[in-house]
Amino acid sequence: MRLLTILALAPAATNALLKPTRRAPVPKLRVPAEAGGAVASKSSVTSSTLNLAKNIVGAGVLSLPAGIAACSASKKAAVPACGLIAGLGLVSAYCFALVGRACAATGTTTYRGAWESAVDKDSGALITGITTFKTLVGCIAYCIIIGDTAGSLLSGAAVPELLKRRDVFLSLFGAAVLFPLSMLRDLKSLAPASIIGLGGMLYTAGVTVLRALDGTYQKGGRLAAALVKEGKALPKFGGAFSPGGSLLFVSMLATSYLAHYNAAAYYDELENPTLPRYNRVVYGGFAMAVGFFVSIAAAGHRTFGAASQGLILNSFAGADKLANAARALVGVAVACTYPLLFKGVREGYFDIAKVSPANQEKQRTPATVAMVALTVLAGIKITDLGFVVAFGGAILGSAIIYVIPSQIALSACKKGKLALGGAEKLACRSINVMGYVLAVLGGTASVLSRMGKI
């Protein structure tokens, strides 16, 4: 509860830190017209806050218990881990707020636009490349979750044995579900599924907390007996602290908080887009996300300890009906969210390859086929979500969350487009360096973990 209180108070503390050295009118962005001259719709503070929380809370949260276990299997490890979750959440929220401030100051409406206006116009394609590859990693992670979920749910189902094979199911699912969804031009039809997805994550968090408290997975519990019968690992606790594992955990957190490439859109589409209102959205949304992360990470680790798998739902017994319902809900949510990420992959490819609008229409189908096939194949070959989340988060997440926003702010300040106080300049420089360090150390740790060295 104290962690949530700190996050709830963050806007006031940060607004004091962000106070400009000179008085200036509160900047607002010009509302761009959509195709056909229609004005873009606006979102209230409440709606934007909920959308941001949903944007942040994705598949990565399900790997956090394994991240804590990589640090230590001691039950006490969850306490400092939750402190780290809250701390990085606050820093990530601050960086998210920086992007919106920079967009307001430069009159831009995109993540790439803010970079080109503040830093360098010639390197905008690099920013697109980074965000595109990161969304590609997200699509692969979703395919892994779909494969894991299907494997758990179909293992005891009355279906042909061939369909229970991971490669067969994912190939069929990719062709019959993911490809058609990715070809949709209007993704608004997926809104009901997104609501179900958020409800599914709430349900999953509730089940995880319940199992941490009801003792059914403890020695002698009925579900602990089910684990033995199914040949799954029993909860295991104890062990020394692992520095390498802590780096792995940090890189997982980097991916878990990733939403910064949408920061400009949240400012642009906000009703009466002033910085105080935008900060309420940012810190409110991140506070809700921290609540999700803390509950799932701490409860999952408390239940399974060293037996926490890269996707925590895989640690639960197949006989656990509540957990099975969570698997199904998360699987459906992931399948329906996949095309939202995939759209960024495809559009990023067209942007980097400089494909003209006319040729984009011609290449749309073959490009979609190739990219869906790539992510499905990766989902078949890679079965450890923790590695995908850790490595992708360390290299790309650190850049998108920490390095790029802080560099945008510092460069905009240097060009006289954004007012930063002395303390804030120091904070941005420190975050910038921290981002590079986390990228190098976290990436190294994830590879060493994959090799069994840590």
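1. Glutamate 116 and arginine 112 form a salt bridge, with 2.9 Å between the closest N and O atoms. The two residues are four apart in helix α5 (residues 111–118), so about one helical turn separates them. Glutamate 116 has a relative accessible area of 22% and is therefore partly exposed. Arginine 112 is also partly exposed, at 24%. The model is a predicted one, and this applies to every point below.

2. A second pair is found in helix α13 (residues 321–352), where glutamate 347 and lysine 343 lie four residues apart, about one turn of the helix. Their side chains meet in a salt bridge, 2.6 Å from N to O. Glutamate 347 is partly exposed, with a relative accessible area of 43%. Lysine 343 counts as partly exposed because its relative accessibility is 31%.

3. What does arginine 101 pair with? Arginine 101 forms a salt bridge with glutamate 424, and the closest N and O atoms are 2.5 Å apart. Arginine 101 belongs to helix α4 (residues 78–106) and glutamate 424 to helix α16, so this salt bridge ties together parts that are 323 residues apart in sequence. Both arginine 101 and glutamate 424 are buried; the term buried stands for under 20% relative accessible area.

4. Across the whole structure, the search finds seven salt bridges. Side chains of opposite charge can pair when their charged atoms come close. Apart from the pairs described above, a network of salt bridges links Arg211, Asp214 and Asp320.

5. Helix α6 (residues 124–154) and helix α7 (residues 166–183) have axes that come within 10 Å of each other and cross at roughly 120°. The crossing of α6 and α7 is right-handed. Which residues meet where these helices are in contact? From α6 they are Cys143, Ile144, Ile146, Gly147, Asp148, Ala150 and Leu154. From α7 they are Arg166, Phe169, Leu170, Phe173 and Leu178.

6. On the surface, Phe391, Ile395, Val447, Leu448 and Met451 make a nonpolar patch of about 400 Å². The elements giving two or more residues to this patch are α15 (385–414) and α16 (422–450). One of the patch residues, phenylalanine 391, is found in helix α15. Its relative accessibility is 35%, so phenylalanine 391 counts as partly exposed. That value also fits the patch criterion, which takes residues with over 30% relative accessible area. Helix α16 thus appears in two of these points: glutamate 424 lies in this helix, and α16 gives two or more residues to the nonpolar patch.

7. For the chain as a whole, the secondary structure comes to 16 helices and zero strands. The protein chain has 454 residues, of which 53% count as buried. The accessible surface is about 19800 Å², and carbon and sulfur atoms account for 64% of that area. Among contacts with a separation of 6 or more, 83% are between residues 24 or more positions apart. The salt bridge between arginine 101 and glutamate 424 ties together parts 323 residues apart, whereas glutamate 347 and lysine 343 are four residues apart within helix α13.

Technical notes
Residues are numbered from 1 along each chain as its sequence is written. This is a predicted model: local features need pLDDT of at least 70, side-chain atom pairs count only at pLDDT 80 or more; totals for chains, interfaces and linings use all residues. Side-chain values use heavy atoms; hydrogens and water are left out. Patches are made of residues with over 30% relative accessible area and no salt bridge: like charges are joined within 9 Å, nonpolar side chains (Val, Leu, Ile, Met, Phe, Trp, Tyr) within 5 Å. Accessible areas come from the Shrake-Rupley method with a 1.4 Å probe; for residues, only the protein chains shown count as cover. A salt bridge is a side-chain nitrogen of Lys or Arg within 4 Å of a carboxyl oxygen of Asp or Glu. Buried means under 20% relative accessible area, exposed over 50%, partly exposed in between (1.4 Å probe, protein chains only). Axes are lines fitted to C-alpha atoms, for helices over the stretch in contact, and angles run from 0 to 180 degrees between N-to-C directions. A crossing is left-handed if the near helix is turned anticlockwise from the far one by less than a right angle, and right-handed if clockwise. Contact means heavy atoms within 4.5 Å.
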